[in-house]
Amino acid sequence: MSDRVDLVILGSGSTAFAAALTAQEIQKTAVMTEERPIGGTCVNRGCLPSKNLIGAAKIIHDARNPRYRGLNACAMDLDFAALVDACHQAVEFEEPGAALATLLAAGVTIAKVQLSAALVLRDPARNAERLRPWAEDRWFHQVVARGADGALHQVPDLPEALASQDPAIRTAAEWRVHFHVPLFARELDADGALRTTQPELAALLARPELRAVEHLEIETYSFAMIPAERRAALGVPTLLDALEREMHWVLDTLAAARGAAPGC
Ligand SMILES: Cc1cc2nc3c(=O)[nH]c(=O)nc-3n(C[C@H](O)[C@H](O)[C@H](O)COP(=O)(O)OP(=O)(O)OC[C@H]3O[C@@H](n4cnc5c(N)ncnc54)[C@H](O)[C@@H]3O)c2cc1C
């Protein structure tokens, strides 16, 4: 192969293949680079895997609801492992522990439980500015506002929630924000207006059903986005400091729930 090419294509997804084919049509040479598995999103993570799931769901639905007379409905066995994300569920004002029990009772295998806690802000009409330092744009931080009547209102990202003039958002009783915060932290300011969903996580860890799950994972990817002064106030300037305390908190909470000695 020559060490000179006409076109260098970054990536190997659908767009890259279209570019390579076009280069070939006009007698140009092309080389493709890839930092992840060849094929890009569609083949590896997008269109094909999602269509497999949709196709499998249709087969199960058709078996349960046959279109033609003379066919008896039957329930196909489903061996589909689910992942329970404690942070996302708490943000949606669901109880992760109750959800886990419901899924297991329905015969769903739980492959993994992600142990994670979200941000909670009480009385956003007065306290919303406390979340301003958390409004960074590397990740989406979905916000769910719950009114005094219990109605839920979703906002795609924290900056939008902070800028919102919608009374349902501004005057909600509470906001929950998707932001992975250290598991050992329960309150994040002196008066408790900014806290975490640690109580919901502790309730999940106390569920006896959790013994059926082999893989528990602590999620830390947004650690670097936690405001530096907050990390310092929590006594965890580095990710390793935080991880160590999170693991101890999980082990101690599990041990307390199971009547064992701390750290076991
Ligand atoms: C769940 C899901 C379902 C979907 N279903 C459909 C569907 O039914 N129909 C449809 O038309 N579309 C669908 N899509 C959208 C479709 O997958 C994307 O539009 C398509 O994959 C985009 O192709 P692309 O080549 O632009 O990018 P990608 O396929 O994302 O490829 C980009 C590649 O570039 C690589 N890369 C990035 N930076 C570099 C670098 N610096 N060096 C080397 N490599 C690099 C990445 O690793 C990646 O593999 C779906 C997407 C998802 C997530």
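This is a short talk on a helix pair, the nonpolar cores and one buried aspartate in a predicted model.

Okay, let's start with the helices. Helix 9, residues 198-205, packs against helix 11, residues 239-258, at an angle of about 50°, and their axes are 9 Å apart. That angle makes helix 9 oblique to helix 11. The crossing is right-handed. So who's touching whom? On the helix 9 side we've got Gln 198, Leu 201, Ala 202 and Leu 205, and helix 11 brings in Trp 249, Val 250, Thr 253, Leu 254 and Ala 257. Sort those by class and you get seven nonpolar, two polar and no charged residues.

Now, the cores. The largest nonpolar core has 44 residues, and Val 113, Leu 119, Leu 131, Trp 134 and Trp 175 have the most contacts inside it. Our two helices come back here: helix 9 and helix 11 are among the elements giving two or more residues to this core, and so are strand 4 (109-115) and strand 8 (174-181). Have a look at Trp 134 while you're there, since its contacts include Leu 119, Phe 179, Ile 226 and Arg 230. There's another core lying apart from the big one, with five residues, including Val 91 and Phe 93.

Last stop, Asp 157. You'll find it in the loop between strand 7 (152-155) and helix 7. Is Asp 157 buried or exposed? With a relative accessible area of 9%, Asp 157 is buried, because the cut-off for that is under 20%. Among the residues Asp 157 touches are Trp 139, His 141 and Val 143. And Glu 136, 21 residues away in sequence, sits 9.6 Å from Asp 157, C-alpha to C-alpha.

Terms used. Residues are numbered from 1 along each chain as its sequence is written. This is a predicted model: local features need pLDDT of at least 70, side-chain atom pairs count only at pLDDT 80 or more; totals for chains, interfaces and linings use all residues. Side-chain values use heavy atoms; hydrogens and water are left out. Axes are lines fitted to C-alpha atoms, for helices over the stretch in contact, and angles run from 0 to 180 degrees between N-to-C directions. Helices (H or I, at least four residues) and strands (E, at least two) are DSSP runs, numbered from the N terminus. Angles under 35 degrees count as roughly parallel, over 145 as roughly antiparallel, 65 to 115 as roughly perpendicular and the rest as oblique. A crossing is left-handed if the near helix is turned anticlockwise from the far one by less than a right angle, and right-handed if clockwise. Contact means heavy atoms within 4.5 Å. Ala, Val, Leu, Ile, Met, Phe, Trp, Tyr, Cys and Pro count as nonpolar, Asp, Glu, Lys and Arg as charged, and the others, Gly among them, as polar. A nonpolar core is a set of buried Ala, Val, Leu, Ile, Met, Phe, Trp, Tyr and Cys residues joined through side-chain atoms within 4.5 Å. Buried means under 20% relative accessible area, exposed over 50%, partly exposed in between (1.4 Å probe, protein chains only). Lists of a residue's contacts leave out its neighbours within four places in sequence.
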